[in-house]
Each structure stands twice: as C-alpha cells, then as structure tokens.
Amino acid sequence: MKGHNVRELPKVELHLHLEGGAPPTFIKGLAREKHIDIGGIFNEDGSYRFSDFWNFLKVYEAACTTLTGPEEFRRLTLAVLEESAASGVVYTEAFLSPDFCGGRDLGAWREYLAAIEEAASEAERTMGITLRGIVTPIRHFGPEKARETAICAAETAGDFVVGLGIGGDEKAGELKDFAWSFDCAREAGLRLTAHAGEWKGPEEVRAAVRDLGVERIGHGVRAIEDLALVDELAERGTVLECCPGSNVALGIYPGFRAHPISELDRRGVKVTINTDDPPFFHTTMAREYEMLNRAFDWDDGQFRRLATQALDAAFCDADTKAKIANLLEA
Ligand code: ADE
Ligand code: ZN
C-alpha cells in the first residue's frame, strides 16, 4: 500500500552513532559558544559538508571537537533522542566512543557515561524512548587504542552499556587485529557487533563472524555479493544492522530500490532498519520507513515484523525487552 503513513509505527533502532546524530545546528551552537573554528564543515544551507566517506570521517571528527566535556554529551544525548522519539523510535542502541569522551581514560569515561545516562533517564521519562549504549572503538585509530576502549567498555558493562562494536574506516587494518578487544568485552558479558561489508565485500563479513565472533554486523549488506555467505548468515541467524539511507547518501547504491535489504530479507537473513548518522545523511527513522515503503511496497505487517526482529536482536536485558514489546504491540 503506497503512501500509507508508516512514519507513525513504533520503531526499534540498533545502529546509531551518538555523535553522528548531532544536528548541525547543535554542533554549530557549541562551536560558537566555545570559539572553535570548524566553519569548513558546513554547507551554506547549514548542513554538513563532505565529499565521500573518508572525508565524512574527517568532518565527523571535526564536529566532535566541540563536544568538550560530559555536559556537552548530556545535551547531545537529549538532542539526539528528541529526534529519534519524533520518528516514533521507542528503543535505540547508540554507539558510544570513549575516544571522544575523555580520550579513553577510564575515570573520564565514567564521568561522560554518567552524563549520557542522566540524559537517557530524562528522555525515558519525558519522551518515552529507552537508550542503551554500545561502546565502539574506531578502526582507523588502531588496535592499541581499541584495547583501551574495550577496557572502558568492560569496566562499565551493565544495564546501560550492553555491547562492544567497531566503526570507522573499514579499509584500515584487519579485523583480526581487534580480537583481543572483542575477547575482553565478551568476557565482561558484553554482546558484540562490528561494522563490516559496507566498504569491503563479503570476505570482511566472514572475517567479522570468524575472527571477532560477532552476532550482529553493522551494515553487512555487501554479503549479497556472495550467495553462499547469505545462506550462511541466514542459517546462523546473524543480524544485519542495515542503514539504507546512509548507503545511498554515501554512494554505495544509487537509490533505495537498488539496496539489497529486501533481497537479504527474502533470502532469510535477519535484517533491521537503522539511520547510522541521520543528520549527516539527511535522514530519520521515519524517512527510512517511508523510503522503504515506496521502494519495496513494504506494508505495516512487514515493518512490524522487522521491529520485532530488531527487538529480539537488541542487547538489553529481558525485562527491558518485555517493556518495549508492549510498546510495539500498541
Ligand atoms: N562512523 C560513523 N558512521 C560510520 C559508518 N557509516 N561506517 C563506519 N564508521 C562510521
Ligand atoms: Zn555505522
């Protein structure tokens, strides 16, 4: 049913970078407050300016220089969750980066995390959205820094910090060099995901499963280039955190109709719908739903099935899942 209002449906998001959710006006405001010159990262219309993925990473890091302390992260978290809640998101897992929260110092990280959690509690009370965190090393910062990040994750694992991921430049280094960090997190009871199969092909998806033992893959869409792998992912129940609007904005696919999310779903892979870095890619969860509805004629039933599939794959505890499940049925 085309044109139907799928924007209203309750949504679950598993792949959102907290800093990547920063509205450009928010970052611009902080830069002005702090007299930080990052003018070059904005277009004249106020949107973020970048030419490709690698330049996007630079712009992202420049934007993060305005996030100078826990208070900035408290405000950021509220701003991001406000946008998500406006899209109908009732549960979200956000990637949190100790690299940008006190340079991976454990004491500093605890303070940043407390501020993020304070904002999450406020958002839960006032906006009805639940947040959990996935601590995320940045691949192009290298395995050494990733170890420090994993220690931050392991030391703060609990009800709020529920996972470890890895993002950044997929073409930098090899995933197996990060195995220590993933083992450390696993031993602390954290659940695991890794960006793979966004900028590299099926082999990188295999490496994430084989070398890091992840149960979810960030993107993973390039698995479609190897149908034996697709069957394997379906059989294992590996969950793909698909971000169609992000992939289209960064030029991996020319449009939503060319995005493999629908074929992966048809082939039995557990796909989910996510925004990645919504203001950078001019998207929201509501827009992702609308574009998928138009591209593949997906209806309410399909979106509800995928939201339940995402909740099943969430890293939070069973009580939280039960509470969110009630909201999905509403
Ligand atoms: N960090 C923020 N967005 C990312 C993406 N799409 N891929 C890898 N790392 C990221
Ligand atoms: Zn991502």
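Which residue's side chain does the side chain of T193 join in a polar contact of 2.8 Å? The partner is E241. This is a predicted model. The briefing below starts at T193, moves to the ligand and the enclosed space, then covers the open pocket, helix α1 and three further buried residues.

**T193 and its surroundings**
- T193 sits in strand β5, which spans residues 191-196.
- Its relative accessible area is 1%. Buried means under 20%, so T193 counts as buried.
- The side chains of T193 and E241 form a polar contact of 2.8 Å.
- E241 is also one of the residues that T193 touches beyond four places in sequence.
- Other residues touched by T193 include F95, I134, L164, G165, I166 and F182.
- The list goes on with V214, R216, I217, G218 and F315.

**Ligand 1**
- The residues around ligand 1 are H17, F53, F56, Y60, G167, G168, H195, E198, H219, D276 and D277.
- D277 places a polar side-chain atom 2.7 Å from a nitrogen atom of ligand 1.
- G168 uses its backbone instead: an N or O atom there lies 2.8 Å from a nitrogen atom of ligand 1.
- H17 has a polar side-chain atom 3.5 Å from a nitrogen atom of ligand 1.

**The cavity**
- The structure holds one cavity of 30 Å³ or more.
- Its lining has 22 residues, and those closest to the centre are H17, L57, Y60, G167 and G168.
- The volume of the largest cavity is about 220 Å³.
- Helix α2 supplies the largest share of this lining, with five residues.
- By class, the cavity lining has nine nonpolar, eight polar and five charged residues.
- H17, Y60, G167 and G168 are among the residues closest to the cavity centre, and they also appear among the residues surrounding ligand 1.

**The largest pocket**
- The largest pocket has a volume of about 190 Å³.
- Its lining counts 14 residues. E83, P278, P279, T283 and T284 lie nearest the centre.
- Strand β1 (11-17) and helix α3 (70-86) each give at least two residues to the pocket lining.
- α3 gives the most, with three residues.
- The pocket lining has six nonpolar, six polar and two charged residues.

**Helix α1 and the loop after it**
- Helix α1 covers residues 24-34.
- Its buried residues are P24, F26, I27, G29, L30 and A31.
- Their cover includes α2 (53-64) and α3.
- H35 follows α1 and has a positive phi, near 55°.
- Where does F42 lie? F42 is in the loop between α1 and α2.
- F42 has a relative accessible area of 7%. That value is under 20%, so F42 is buried.
- The C-alpha atoms of F42 and P24 are 7.9 Å apart, although the two residues are separated by 18 places in sequence.
- F42 contacts P24, I27 and K28, along with S47, Y48 and R49, leaving aside neighbours within four places.
- P24 and I27 are thus contacts of F42 and buried residues of α1.

**A120 in helix α4**
- A120 belongs to helix α4, residues 106-127.
- Its relative accessibility is 7%. The cut-off for buried is under 20%, so A120 qualifies.
- L78 lies 42 residues away along the chain, yet its C-alpha atom is 7.2 Å from that of A120.
- Beyond four places in sequence, A120 is in contact with T77, L81, I129, L131 and F160.

**Q309 in helix α12**
- Is Q309 buried or exposed? At 15% relative accessibility, Q309 counts as buried, because buried means under 20%.
- Q309 is part of helix α12, which runs over residues 300-313.
- A polar side-chain atom of Q309 lies 3.0 Å from the backbone oxygen of V271.
- Outside its neighbours up to four places away, Q309 touches V269, K270 and V271.

Terms used:
Residues numbered from 1 in each chain as written. Chains lettered and ligands numbered in written order. Predicted model: local features only at pLDDT ≥ 70, side-chain atom pairs only at ≥ 80, totals over all residues. Heavy atoms only, no water. 1 Å grid on protein atoms, 1.4 Å probe; cavity = no way out; pocket = protein on both sides within 12 Å on 5 of 7 lines; lining within 4 Å. Points joined across faces, edges and corners; volume = space filled by probe spheres on them. Helix = DSSP H or I, 4+ residues; strand = E, 2+ residues; numbered from the N terminus. Nonpolar A, V, L, I, M, F, W, Y, C, P; charged D, E, K, R; others polar. Buried < 20%, exposed > 50% of the residue type's maximum accessible area, 1.4 Å probe, protein only. Polar contact = N/O pair within 3.5 Å; in protein donor to acceptor, adjacent residues only side chain to side chain. Contact = heavy atoms within 4.5 Å. Near = heavy atom within 4 Å.
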